[in-house]
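Q: Pick one part of this chain and give me a close look at it, please. I'd also like to see how it sits in the whole.

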Amino acid sequence: KPEYKEAYASHAHRCVGKLAVLPSTGRKGVATTLLHEAITILKQNNTPYVFSFVAFSPVTNFPSMMFHEKNGFERVAISISRHLYQMDNYRSFLYCKTL
């Protein structure tokens, strides 16, 4: 989505790096709580956008896609195919949440 290009290229955003929980805490709202706490802090710092990459090739991270979409993130771009993390043809979705 071209309207997010300038926002991503600017310094007025933050990216979710890695958000993970132990398997034993899965489906208990821990990751959602962590994300909401981070968003609260970002809003206090007047951060207008938060971005996050989610892999879909050569492996597809369906749980992360569902988590992002459930929490109000929108798919705004697709990365070009490249070699990353010792994987060929790595591709990802760029998700954005407007705060």
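A: Let's start from the outside: the chain has an accessible surface of about 6,900 Å², and 57% of that belongs to carbon and sulfur atoms (areas are by the Shrake-Rupley method with a 1.4 Å probe; for residues, only the protein chains shown count as cover). Keep in mind that this is a predicted model, where local features need pLDDT of at least 70 and side-chain atom pairs count only at pLDDT 80 or more, while totals for chains, interfaces and linings use all residues. Numbering runs from 1 along each chain as its sequence is written, and side-chain values use heavy atoms, with hydrogens and water left out.

The chain has three helices and five strands (DSSP runs numbered from the N terminus: H or I of at least four residues for helices, E of at least two for strands). From the N terminus on, the order is α-β-α-β-α-β-β-β.

Now for the close look, at α2. This helix has 15 residues and reaches 21 Å from first C-alpha to last, close to the 21 Å expected at 1.5 Å a residue (the expected span is 1.5 Å times one less than the number of residues). Its buried residues are Ala-31, Thr-32, Leu-35, Ile-39 and Leu-42; buried means under 20% relative accessible area, with exposed over 50% and partly exposed in between (1.4 Å probe, protein chains only). Looking down the axis of α2, they fall within an arc of 95°, so they line one face of the helix (the arc is that of the directions from the helix axis to the C-beta atoms). An α-helix has 3.6 residues a turn, so residues three or four places apart point the same way.

What does that face meet? The buried residues of α2 pack against β1 (13-15), β2, α3 and β5, with contact meaning heavy atoms within 4.5 Å. Just past the helix comes Asn-46, whose phi is positive, near 55°.

Ala-31, Leu-35, Ile-39 and Leu-42 also belong to the largest nonpolar core, which has 11 residues, including Val-50, Met-65 and Phe-93. Such a core is a set of buried Ala, Val, Leu, Ile, Met, Phe, Trp, Tyr and Cys residues joined through side-chain atoms within 4.5 Å. Two or more of its residues come from each of α2 (30-44), β2 (49-57), α3 (62-70) and β5 (87-98), and α2 gives the largest share, four residues. Apart from this core lies another, of six residues, among them Tyr-4, Ala-7, Phe-51 and Val-76.
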